[in-house]
Every structure is written in structure tokens, then in C-alpha cells.
Amino acid sequence: DRIPADGVVRAGRSTVDESSFTGEPLPVTKIPESEVAAGSINLNGTLTVEVRRPGGETAMGDIVRLVEEAQSREAPVQRLADQVSGHFTYGVIALSAATFVFWNLFGAHVLPTAIQYGGPVSLALQLSCSVLRKETSICCCLSMCPWLSHAYSYVGTSLGATRGLLLRGGNILEKFAMVNTVVFDKTGTLTIGRPVVTKVVTSGSLTDPNS
């Protein structure tokens with residue numbers, strides 16, 4: 001069964017599968033004074049464990065907390081989209097107001113043929129509303145960018161967590177685009193936790209120089 005909490009073995013002897021934490025494919029023997037982690041699997045034998053870190057304080061709880069923090073952390077492109085959409089909104093309002101003022105005060109003198117029905121005020125109001133409507137459609141697209149980027153970041157960190165890859169946030173996902181080399185400093189732990197036979201070497205093949 002799975003070990004429910006982090007603790008120290010006080011009695012018993014067993015082998016525990018810790019591949020989900022360490023990547024080591026072979027089970028580890030646990031004896032008194034050995035540490036065990038919540039989520040690892042007790043394969044055989046009986047262990048009496050003194051709980052040291054229950055519930056959310058366990059190593060598994062720390063991993064869950066890291067994933068949640070990564071999902072709530074904004075990526076740089078997300079913050080940029082927020083800033084651009086915020087400034088763009090004020091710019092649209094200012095442009096619409098400027099359009100109204102121009103056509104209300106100077107439009108009839110600059111282009112009198114444009115006023116066919118109504119007065120300068122109605123034309124100015126119509127044009128300012130047209131500017132506001134067209135620019136608002138663009139602003140809506142910009143306002144959706146932060147939500148879409150957050151959704152992609154959320155999906156990416158969630159999929160990574162289900163596959164054993166912990167990402168600290170959307171900014172890490174952005175940096176992956178520039179990565180061309182990955183270096184691992186722990187030899188023998190890049191496994192799937194299920195050892196298989198890949199080659200059988202007989203005593204005769206050991207003396208064969210071509211083998």
C-alpha cells in the first residue's frame with residue numbers, strides 16, 4: 001500500500017518503491033531509523049512508522065504546492081499583454097474624444113460636404129462612436145491575450161506535473177524555447193522505473209572479439 005505520510009521507520013523491514021520521487025527503478029530496503037515519504041509504495045513486509053510531516057507538510061504536499069504556485073504565476077508575455085491592453089484602452093477613449101471635438105468644431109469648415117444630414121454635432125457623435133466601436137474590437141482581442149496565455153501556461157504546467165515534470169511557472173516555459181542542451185547531473189536515475197532485459201551476453205560471446 002502507499003505510505004500515507006512522511007516519517008521514520010521504528011520497527012519492521014520492507015522494500016519501498018520510491019521511483020516517483022527519486023527516479024531509481026529498484027526498490028529501497030527500509031529498516032528502523034530509515035526515512036519514508038508519503039506516496040511511495042510499500043511492496044512487502046510490515047513497517048511501523050512514526051509520522052514526522054503529515055498532510056500538506058509532506059514532500060508530496062510540497063510538490064502540489066509548487067504546481068499551484070506555478071499555475072498562478074504570470075509569464076512575462078502575460079504581463080506585457082496586460083500593460084499594452086491597459087494603455088490601449090485609454091488611447092482609444094482619447095482618440096474617440098478627439099474625433100468628436102475635431103468634427104464638432106472644425107469639421108464643417110474643413111470638409112463642409114461631409115455634413116449632409118443634421119448638424120456638426122450629430123456627425124461628430126457618429127464618427128466618434130464609429131472610432132470607438134472599431135478600436136474596441138481590437139481592444140477586446142488584446143484583453144483576451146492575457147487570459148489565453150494564462151490558459152496555455154496552466155495547461156502546460158498541469159501536463160508536465162502529470163508526467164513528473166515540475167515547472168515553476170510560465171516564464172520557464174518561455175525559456176524552454178531557447179534551450180538547445182539539457183545536462184543531467186545524476187547518473188542512473190533517468191529511468192521509467194521498470195527495468196527490462198535489453199541484451200543477453202553468453203559466456204561464448206565474451207571471448208568473441210567481434211562481439
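Guide: Let's start with a yardstick: buried means under 20% relative accessible area, exposed means over 50%, and partly exposed is what lies in between. One caveat before we use it: this is a predicted model.

Visitor: Okay, why is Glu-50 called partly exposed?

Guide: Glu-50 comes out at 33% relative accessibility. The band for partly exposed runs between 20% and 50%, so Glu-50 counts as partly exposed at that value.

Visitor: And what makes Asp-6 buried?

Guide: Buried needs a value under 20%. Asp-6 has 7% relative accessibility, so Asp-6 counts as buried.

Visitor: What makes Asp-6 and Arg-53 a salt bridge?

Guide: The rule asks for a side-chain nitrogen of Lys or Arg within 4 Å of a carboxyl oxygen of Asp or Glu. For Asp-6 and Arg-53 the closest N and O atoms are 3.0 Å apart, and that gives a salt bridge. The two ends sit in distant parts of the chain: Asp-6 is in strand β1 (residues 6-12) and Arg-53 in strand β6 (residues 47-53), 47 residues apart. As for cover, Arg-53 is partly exposed at 33% relative accessibility.

Visitor: How do you know that Arg-10 pairs with Glu-50?

Guide: Same kind of check. The cut-off is 4 Å, and the N to O distance between the side chains of Arg-10 and Glu-50 is 2.5 Å, so they meet in a salt bridge. Arg-10 lies in strand β1 and Glu-50 in strand β6, so this pair ties together parts that are 40 residues apart in sequence.

Visitor: Which residues does the network of shared partners join?

Guide: Arg-10, Glu-33, Glu-50 and Arg-52 are joined into one network by salt bridges that share partners. One of the links runs from Arg-10 to Glu-33, with the closest N and O atoms 2.9 Å apart. Glu-33 sits in the loop between β3 (28-30) and β4 (35-36) and Arg-10 in strand β1, so that pair ties together parts 23 residues apart in sequence.

Visitor: Why is Glu-33 called exposed, and Arg-10 partly exposed?

Guide: Exposed starts over 50%; Glu-33 has 57% relative accessibility, so Glu-33 counts as exposed. Arg-10 has 35%, so Arg-10 counts as partly exposed.

Visitor: Zooming out, how many salt bridges, helices and strands are there?

Guide: By this rule the count is 5 salt bridges, and the protein has 7 helices and 6 strands. Buried residues make up 23% of its 211 residues.

Notes
Residues numbered from 1 in each chain as written. Predicted model: local features only at pLDDT ≥ 70, side-chain atom pairs only at ≥ 80, totals over all residues. Heavy atoms only, no water. Helix = DSSP H or I, 4+ residues; strand = E, 2+ residues; numbered from the N terminus. Buried < 20%, exposed > 50% of the residue type's maximum accessible area, 1.4 Å probe, protein only.
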